[in-house]
Amino acid sequence: MDPLRLCIALCPLAAYVMLLGVINLSSRPLVTSGGRDLAALALGISGLMLVGPMELFFPEVAVERFGGYVWLLLLGLYALLIVLLMLILRPRLVLYNMTAEQLRPALAGVVSELDPDARWAGECLVFPRLGVQLHIEPFFAMRNVQLVSSGPHQSFAGWRRLERALVQALKGASSSPNPYGFSLVFFGLLMVALVTFSVISDTDAVAQALAEMLRR
């Protein structure tokens with residue numbers, strides 16, 4: 001792979017990996033929605049998509065009319081695809097830097113506040129008034145937890161209320177940094193170093209590859 005394509009493929013991925021590492025090294029939990037989590041992942045692999053499927057199935061016929069701007073159209077199509085996935089996927093919440101055992105006390109307080117009729121069934125939790133049904137999925141390796149919807153009938157407004165309540169409940173919570181975060185930051189920095197060395201060592205190849213990609 002030439003230096004330009006290597007840079008395009010690895011730079012967004014390195015930024016995403018380092019962001020995950022910083023989040024896991026934080027002493028506070030982070031609550032985010034499944035949509036935002038998917039959007040961050042999509043940005044992280046956007047470079048791989050660009051030098052992979054987009055370039056492989058590049059519409060050469062469109063270059064005659066739009067030139068290098070075809071890349072903007074392809075990136076727009078990719079963004080629309082991600083938005084579509086965010087809209088059709090079932091709602092979920094992702095809690096970084098937190099275990100299921102640490103989450104349960106805060107979740108118990110949120111349950112009594114949002115819906116007194118809420119009830120547990122093993123790992124599943126049902127909010128009849130909110131229209132929310134979920135189950136807990138821990139990811140032990142990275143010490144993260146997901147609240148995943150159970151069943152197709154979900155209230156998105158109820159999920160937003162649950163997210164806001166969890167953010168408030170965990171505002172003062174603290175947790176010890178996850179040691180695995182160091183490995184993520186290390187691999188992110190390693191990718192940045194590899195890309196930097198590759199680009200600096202052969203600038204002529206970068207210029208030639210850029211001209212090829214823009215069809216100049």
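This passage describes the fold, the cores and a few single residues of one protein chain. The structure is a predicted model.

The overall picture comes first. The secondary structure of the chain comprises 9 helices and 6 strands. Its C-alpha trace spans about 65 × 40 × 25 Å along the principal axes. The radius of gyration is 22 Å, whereas a compact globule of 216 residues would have one near 17 Å. Buried residues make up 42% of the 216 in the chain. The accessible surface amounts to about 12,300 Å², and carbon and sulfur atoms account for 68% of that surface. Contacts often bridge long stretches of sequence. Of the contacts between residues at least 6 apart in sequence, 72% join residues at least 24 apart. The chain carries 16 positive and 15 negative charges, and the mean positions of the two sets lie 11 Å apart.

The nonpolar cores come next. The largest nonpolar core holds 25 residues. Within this core, Leu103, Phe127, Leu134, Leu147, Leu162 and Leu166 touch the most other members. Several elements each supply at least two residues to this core: strand 2 (92-96), helix 6, strand 4 (124-127), strand 5 (132-139), strand 6 (144-149) and helix 7 (156-169). Helix 6 gives the most, with 7 residues. Leu134 shows how such a residue is surrounded. Beyond its neighbours within four places in sequence, Leu134 is in contact with residues including Phe127, Leu147 and Leu162. Its other partners include Cys124, Leu125, Val148 and Trp159. A second core is separate and has 16 residues, among them Ala9, Ala42, Met54 and Met213.

Ala42 also appears among the buried residues of helix 2 (residues 34-44). The others in that helix are Gly34, Gly35, Asp37, Leu38 and Gly44. Which elements do the buried residues of helix 2 pack against? They pack against helix 1, strand 1 (30-33), helix 3 (46-56), helix 5 and strand 2.

Helix 1 (residues 3-25) contains Leu10. Ala14 lies in helix 1 as well. Leu10 counts as buried because its relative accessible area is 14%, and the cut-off for burial is under 20%. Ala14 is also buried, at 0% relative accessibility. Leaving aside neighbours within four places in sequence, Leu10 is in contact with Met191, Leu194 and Val195. On the same basis, Ala14 is in contact with Gly188, Met191 and Val192. Met191 thus appears in the contacts of Leu10 and in those of Ala14. Ala14 and Leu189 are 175 residues apart along the chain, yet their C-alpha atoms are separated by 7.0 Å. Leu10 and Val111 give another pairing: 101 residues apart in sequence, they are 42 Å apart in space, C-alpha to C-alpha.

Two loop residues are buried. Asp115 sits in the loop between helix 6 (100-114) and strand 3 (119-121). Is Asp115 buried or exposed? Asp115 counts as buried because its relative accessibility is 0%. Residues up to four places away in sequence aside, Asp115 touches Phe127, Pro128, Arg129 and Leu130. Phe127 is also one of the residues that touch the most other members of the largest core. Asn97 belongs to the loop between strand 2 and helix 6. Its relative accessibility is 0%, so Asn97 counts as buried. The backbone of Asn97 stands out too. Most residues other than glycine have a negative phi. Asn97 is not a glycine, but its phi is positive, at about 60 degrees.

Two helix residues are partly exposed. Leu81 lies in helix 5 (residues 70-88). Leu81 is classed as partly exposed because its relative accessible area is 45%. Between the C-alpha atoms of Leu81 and Glu64 there are 25 Å, and the two residues are 17 apart in sequence. Ala62 lies in helix 4 (residues 60-66). With a relative accessible area of 21%, Ala62 is partly exposed. Ala62 touches Gly67 and Val70, not counting residues up to four places away in sequence. Ala62 and Arg160 are 98 residues apart in sequence and 42 Å apart in space, C-alpha to C-alpha.

Terms used: Residues are numbered from 1 along each chain as its sequence is written. This is a predicted model: local features need pLDDT of at least 70, side-chain atom pairs count only at pLDDT 80 or more; totals for chains, interfaces and linings use all residues. Side-chain values use heavy atoms; hydrogens and water are left out. Helices (H or I, at least four residues) and strands (E, at least two) are DSSP runs, numbered from the N terminus. Buried means under 20% relative accessible area, exposed over 50%, partly exposed in between (1.4 Å probe, protein chains only). Contact means heavy atoms within 4.5 Å. The radius of gyration is taken over C-alpha atoms; the globule rule is 2.2 Å times the number of residues to the power 0.38. Accessible areas come from the Shrake-Rupley method with a 1.4 Å probe; for residues, only the protein chains shown count as cover. Lys and Arg count as positive and Asp and Glu as negative; His and the chain ends are not counted. The place of a charge is taken as NZ of Lys, CZ of Arg, CG of Asp or CD of Glu. A nonpolar core is a set of buried Ala, Val, Leu, Ile, Met, Phe, Trp, Tyr and Cys residues joined through side-chain atoms within 4.5 Å.
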